[in-house]
Amino acid sequence: MLRNGLEPWHLLILAIVVIMLFGSKKLPDSARALGQSLRILKSETKAMKEDGATAGPAATEPLTPQPAQSASGDTPPVRPSGPESGTRPR
């Protein structure tokens, strides 16, 4: 069915239809806007890659969940015990 899908005369007919539909005045403006959009996309993508590279492994470490406090307030908060807590075992 689509054996010879895009031949040169297909592209010529497509170009003529596009020019007739949009007019020759709007095509340069549209092409300029498309070019500016692609430049912005490229710069934002580059900035995201640079931000990811400078963040390093600290950004990829999972966060530890905080213990939930009870709603009634009767129980005291749980203090972590270990080398991170700042207390030494006796």
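How many helices and strands does the secondary structure of the protein come to? I looked this up first, keeping in mind that the model is predicted. The tally is one helix and zero strands.

**The helix.** I noted its limits next: helix H1 spans residues 8-55.

**The annotated stretch.** I then turned to the UniProt record, an unreviewed entry, which marks residues 6-23 as "transmembrane region". In the model, I find that stretch to be 89% helix and 0% strand. Its end C-alpha atoms lie 24 Å apart.

**Burial and surface.** I checked how many of the 90 residues are buried, and the share came out at 0%. For the accessible surface of the protein I have about 9200 Å². Carbon and sulfur atoms account for 63% of that surface.

**Salt bridges.** My search of the whole structure turned up one salt bridge. Which side chains meet in it? They are those of Asp29 and Arg32, with an N to O distance of 3.0 Å. I like to recall here that side chains of opposite charge can pair when their charged atoms come close. Both Asp29 and Arg32 sit in helix H1, three residues apart, which is about one turn of the helix.

**The two partners.** Are Asp29 and Arg32 buried or exposed? I put Asp29 down as partly exposed, because its relative accessible area is 44%, between the 20% and 50% cut-offs. Arg32 also goes down as partly exposed, at 48% relative accessibility.

Note on methods. Residues are numbered from 1 along each chain as its sequence is written. This is a predicted model: local features need pLDDT of at least 70, side-chain atom pairs count only at pLDDT 80 or more; totals for chains, interfaces and linings use all residues. Side-chain values use heavy atoms; hydrogens and water are left out. UniProt positions are given in the numbering used here, feature names are shortened, and annotations may be inferred rather than shown by experiment. Helices (H or I, at least four residues) and strands (E, at least two) are DSSP runs, numbered from the N terminus. Buried means under 20% relative accessible area, exposed over 50%, partly exposed in between (1.4 Å probe, protein chains only). Accessible areas come from the Shrake-Rupley method with a 1.4 Å probe; for residues, only the protein chains shown count as cover. A salt bridge is a side-chain nitrogen of Lys or Arg within 4 Å of a carboxyl oxygen of Asp or Glu.
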